[in-house]
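Here's a quick tour of a protein chain, going from its layout to its sheet and then to a couple of residues worth a look. Have the viewer open as you read.

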Amino acid sequence: MSFLDLKQLPFIGMSYNFVGEKQGAPFSAYIVNAPPGKGPPLHTHPYVEVGFIIEGTARFTIGDETREATAGAIVVIPAETPHRFINAGENLLRSIDIHASPKFVQTNL
């Protein structure tokens with residue numbers, strides 16, 4: 001068993017990175033704090049990703065579909081599906097994005 005403080009995780013780009021293999025967990029997570037207009041490039045993962053929107057508004061493109069998600073939304077992204085999001089609001093976007101892998105594997109498109 002281990003207890004971590006969020007500030008102990010590496011902060012890269014716009015998120016804290018929880019890498020499961022370093023913590024003995026079978027999943028990884030980005031704890032996102034994205035400013036307005038920011039988001040990752042279009043990319044894929046070889047596993048499922050699930051995003052939990054905590055605060056703000058995100059515009060997701062998943063495959064050929066684009067939709068907005070607000071606080072309380074849960075977004076399930078199938079493996080190998082091109083996707084991205086952008087903070088479409090005027091305030092900070094906060095989300096927790098769970099990756100079904102003990103390490104991050106991402107291919108930018």
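## Order of elements

Reading from the N terminus, the elements of the protein chain go β-β-α-β-β-β-β-β-β-β-β-β. That's one helix and eleven strands. Bear in mind that this is a predicted model.

## Overall build

How does the radius of gyration of the protein chain sit against that of a compact globule? The chain comes out at 13 Å, and a compact globule of 109 residues would be near 13 Å, so the two agree. Along the principal axes, the C-alpha atoms take up a box of roughly 40 × 30 × 25 Å.

Of the 109 residues, 36% count as buried. If you look at contacts between residues at least 6 apart in sequence, 67% of them join residues at least 24 apart.

## Surface and charge

The protein chain has an accessible surface of about 6,300 Å², and carbon and sulfur atoms account for 56% of that. As for charge, there are 8 positive and 10 negative side chains. The centres of those two sets lie 5 Å apart.

## The six-stranded sheet

Now for the sheet. Six strands make up an open sheet, ordered β1-β2-β3-β10-β5-β8, with antiparallel pairing. Its edge strands are β1 (11-12) and β8 (74-77), each of which pairs on one side only. As a reminder, strands of a sheet pair through backbone hydrogen bonds, either parallel or antiparallel.

Start at the β1 edge: two bridges tie β1 to β2 (residues 15-18), and the two strands run antiparallel. Here Ile12 sits opposite Ser15 of β2.

Over at the other edge, β8 pairs with β5 (residues 49-55) through four bridges, again in the antiparallel sense. Phe52 is found opposite Ile74 of β8. Strand β5 is also joined to β10 (residues 93-99), this time by six bridges and likewise antiparallel. Val50 has Ile98 in β10 as its bridge partner.

## Phe18, in strand β2

Back to β2, which holds Phe18. Is this residue, Phe18, buried or exposed? Phe18 has a relative accessibility of 16%, so it counts as buried, given that the cut-off for buried is under 20%.

Which residues does Phe18 touch, once those up to four places away in sequence are set aside? The list is Leu4, Leu9, Gln23, Ala25, Phe27, Ser28, Ala29, Ile31 and Phe104. Tyr30 is twelve residues away from Phe18 along the chain, and their C-alpha atoms are separated by 6.3 Å.

## Gly20, in the helix

Gly20 belongs to helix α1 (residues 20-23). With a relative accessible area of 0%, Gly20 is buried.

Leaving out neighbours within four places in sequence, Gly20 contacts Ala25, Phe27, Ser28 and Pro102. Pro102 is worth picking out on screen: Gly20 and Pro102 are 82 residues apart in sequence, yet 4.3 Å apart in space, C-alpha to C-alpha. While you're there, note that Ala25, Phe27 and Ser28 are also among the residues Phe18 touches.

Terms used. Residues are numbered from 1 along each chain as its sequence is written. This is a predicted model: local features need pLDDT of at least 70, side-chain atom pairs count only at pLDDT 80 or more; totals for chains, interfaces and linings use all residues. Side-chain values use heavy atoms; hydrogens and water are left out. The radius of gyration is taken over C-alpha atoms; the globule rule is 2.2 Å times the number of residues to the power 0.38. Buried means under 20% relative accessible area, exposed over 50%, partly exposed in between (1.4 Å probe, protein chains only). Contact means heavy atoms within 4.5 Å. Accessible areas come from the Shrake-Rupley method with a 1.4 Å probe; for residues, only the protein chains shown count as cover. Lys and Arg count as positive and Asp and Glu as negative; His and the chain ends are not counted. The place of a charge is taken as NZ of Lys, CZ of Arg, CG of Asp or CD of Glu. Two strands pair if DSSP finds at least two bridges between them.
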